[in-house]
Amino acid sequence: MSETWMRWKSSRGSAVRGQALLFVLALVGCGGASAYAPPPSGVTRAESYGGYAEAESAPMAAPASMSADFESDSVAGELARPDGAMIAQAAPAAQGAAPAAQGAATPATPPRAAADDAQRGPLLIYQATLHLSVFEVEATQRSVIAVAQELGGFLARQSDQQVVIRVPAPKFRDALARIEETGDVLHRNVEALDVSEEFRDVQIRLRNAEVVRDRLAALMAQARNVEEALAVQNELERITGVIEQLKGRLQFLGDRIAFSTITVFFQPAATATTDQPDVFRLPFPWLDELSLRSLLNLPYQD
Amino acid sequence: MNRPFRLRSTAPSLTRVALTAALAALPLTSLAGCGGTASHLAAPTNFLELDEPGESYAQRATSAEGVVLAVREVENEPYGPLAFWVEAIKRRMRNVRGYALVEERDVRAASGEAGKQLRFGHDEAGGPYHFWLTIFVTDDYVFVVEAGGKKDLFETAQPEIERALAAYRID
């Protein structure tokens, strides 16, 4: 540090100061300079979540209570198994963790205690999208929200055609199973997004940025004139902004990891994406005429 | 008790009683309101048959509350077995229209044909409705008996509807 400061003091041109700043800044982006830090408290380090580790998308067959026939005419449909094993997973590390504790996670301040968890496996963000039939939507929405609340989660967004809930990651599978009981599931998409690399990268960049900030603060204390102080101050402000951004990103990732997102649509998947493999138009026009509207559209009688 | 369409409960007279008896004895094909029907559905009490020749339905009748029963007869050409048409209808209703398949039942027509009943539910204009499709297949025709209406009204009429469906006959 003192050597750097001496070089700073002895320099008379901006080029030298620029070199010193470059040296400091280089530390920020030096990804390999620090050891990997553990994930923050409350961030569930997922042990192999079984099938969830791979994205799944499957049109749903008739309700199990009515038909054990889970066959589908789409390749994706083959992923589904009648016993629900498609989404079987090992118990997450924090299976017994109280939801409240997870909700209070502060990802930007990783505790050393989580170091063991960090070695276990990937950091995964679980997301699911369900398309439920359009029948008794209000009551079904209430049931979905109740599931979230009972499992320690919360309602994130609600409209006429959709409801979005967040549930603690260890309760993800349980939540999905219970939601599927509330209505006729037409289509389901489950995916696990591995953010381990990004999480570690952001952590390292944050640590390095904090080191740089500390060094700049030391330089600031040793500034002997206004010009020097302003130059360091400008760089200090910039590095502080970077630190806040990195902390924010860590907090966002930690929140997404700790609480899985489940979006429930009350509309046929075909209206959302017309290329669904299970939507096939047979060449029999009368099939298209089958509907309540056709039946109830009564003609005037002479 | 089911009774033929178009019987009106007015003050009895000898002529009217005789006419009623004659009507009741007529083949039920006359109830359809349009020629060429190959099946017979005796509508529940208080349902009126609609006269709509050339329309999609071989028969259609409605209650005063708007619960509707109808029969659709479609040529089974090219031939498809019951399982084919049931699966095609099920997928169409669920995946494309978003109807909930609430229940699925094996049924049998009064004339002996095996069929399948798909009980759907769907919200219309913000309210829940029932929509039942009962499917029978012969070598020549696919018969789809449709019943639908607002949930609470439909459930009130449900015993009568079930009796009518149980009495459904295919020639």
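# Two chains in contact

Visitor: How many residues does each chain bring to the contact?
Guide: The contact draws 36 residues from chain B and 32 residues from chain A, where two residues are in contact if their C-beta atoms, placed from the backbone, lie within 7 Å. This is a predicted model, in which local features need pLDDT of at least 70 and side-chain atom pairs count only at pLDDT 80 or more, while totals for chains, interfaces and linings use all residues. Residues are numbered from 1 along each chain as its sequence is written, and chains are lettered from A and ligands numbered from 1 in the order in which they are written.

Visitor: Which element of chain B gives the most to the side that touches chain A?
Guide: That is α2(B), with nine residues; helices (H or I, at least four residues) and strands (E, at least two) are DSSP runs, numbered from the N terminus.

Visitor: And what classes of residue are on that side of chain B?
Guide: The side of chain B that touches chain A has 15 nonpolar, eight polar and 13 charged residues. Here Ala, Val, Leu, Ile, Met, Phe, Trp, Tyr, Cys and Pro count as nonpolar, Asp, Glu, Lys and Arg as charged, and the others, Gly among them, as polar.

Visitor: Switching to chain A, how many helices and strands are there?
Guide: Chain A has eleven helices and six strands, and of its 302 residues, 33% are buried, meaning that 20 or more other C-beta atoms lie within 10 Å of the residue's own, with C-beta atoms placed from the backbone (12 or fewer is exposed, and in between is partly exposed).

Visitor: What about α7(A), how far does that helix reach?
Guide: Helix α7 of chain A, residues 196-222, has 27 residues and reaches 40 Å from its first C-alpha to its last, close to the 39 Å expected, the expected span being 1.5 Å times one less than the number of residues. Its buried residues include A:Phe199, A:Val202 and A:Leu206.

Visitor: Why does the span of α8(A) agree with what it should be?
Guide: The 33 residues of α8(A), 226-258, should span 48 Å at 1.5 Å a residue, and the end C-alpha atoms are 47 Å apart, which agrees. Among the buried residues of α8(A) are A:Val232, A:Glu235 and A:Ile239.

Visitor: Last one: at what angle do α5(A) and α6(A) pack?
Guide: They pack at about 155°, with their axes 10 Å apart; axes are lines fitted to C-alpha atoms, for helices over the stretch in contact, and angles run from 0 to 180 degrees between N-to-C directions. The two helices are therefore roughly antiparallel, a label for angles over 145 degrees.

Visitor: Which residues meet there?
Guide: A:Val144, A:Val147 and A:Ala148 in α5(A) meet A:Ala175, A:Arg178 and A:Ile179 in α6(A).

Definitions and conventions:
Angles under 35 degrees count as roughly parallel, over 145 as roughly antiparallel, 65 to 115 as roughly perpendicular and the rest as oblique.
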